[in-house]
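Student: I am new to this structure and would like to go through it slowly. Could we look at it together, one question at a time?

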Amino acid sequence: MKTKAKIITIASIVLVLALAAFVFFRFYFVFGEGVKAGQLNQVMYKGYIFKTYEGRLIQSGFKGQKGTNSIQSNEFNFSVVDDAVADSLMRCSGKTVELHYKEYLGALPWRGMEKYIVDGIISVREGDNSTTVIPIATETTDI
């Protein structure tokens, strides 16, 4: 009888530790850090139960495929935990910004809807509303 209780206790402890390790690595372990730059599209405060700051950064660039050149626009969706950073970002809509972020493997409802959490603003510049297309030569001809 004592050995059965001991086995159940050990199995329960192992299960609780495994669950704690899973939750830590999934939601609290910083998987990556980096900097993204682009035009700040929006920052908003939203949510049903947990109100969080959510934002979108537009990154433009070129995407070349064989025989065609096209312009591509990438969106970087992020959440902001710090109220001061979110307040500063709300005043920068339409400007070109560089943001420092942390990437987690999963999102928590009280931290935000995204797995990318912006924790700092590196720089802010006035946005460039003009679009410049630079032609890329795909073939060369000898004359």
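Student: Which residues of helix α2 are buried, and where do they fall around the helix?

Tutor: This is a predicted model, and in it helix α2 covers residues 83-90. Its buried residues are Val85, Ala86 and Leu89. Seen down the axis of α2, these buried residues fall within an arc of 100°, so they line one face of the helix.

Student: Which residue caps the N-terminal end of α2?

Tutor: The cap involves the backbone nitrogen of alanine 84, which has a side-chain oxygen lying 3.3 Å from it. The residue that supplies this oxygen, and so caps the N-terminal end of α2, is aspartate 82.

Student: How are the rings of phenylalanine 24 and phenylalanine 25 arranged, and are these residues buried, partly exposed or exposed?

Tutor: A search of the whole structure finds 9 aromatic pairs. In one of them, phenylalanine 24 and phenylalanine 25 lie 5.1 Å apart, centre to centre, with 75° between the planes, and the pair is edge-to-face. Because buried requires under 20% relative accessible area and exposed over 50%, phenylalanine 24 at 40% and phenylalanine 25 at 44% both count as partly exposed.

Student: Which element of the protein has the highest mean pLDDT?

Tutor: The mean pLDDT of the protein is 85, and 78% of its residues reach 70 or more. Over residues 131-138 the pLDDT is below 50, and where pLDDT is low, the predicted coordinates should not be read in detail. Among the elements, strand β3 (residues 68-80) has the lowest mean, 79, while the highest, 95, belongs to strand β4 (residues 96-104).

Terms used
Residues numbered from 1 in each chain as written. Predicted model: local features only at pLDDT ≥ 70, side-chain atom pairs only at ≥ 80, totals over all residues. Heavy atoms only, no water. Buried < 20%, exposed > 50% of the residue type's maximum accessible area, 1.4 Å probe, protein only. Helix = DSSP H or I, 4+ residues; strand = E, 2+ residues; numbered from the N terminus. Arc of directions from axis to C-beta. Polar contact = N/O pair within 3.5 Å; in protein donor to acceptor, adjacent residues only side chain to side chain. Phe/Tyr/Trp six-rings, centres within 6.5 Å; stacked < 30°, edge-to-face > 60°. pLDDT = per-residue confidence, 0-100. Contact = heavy atoms within 4.5 Å.
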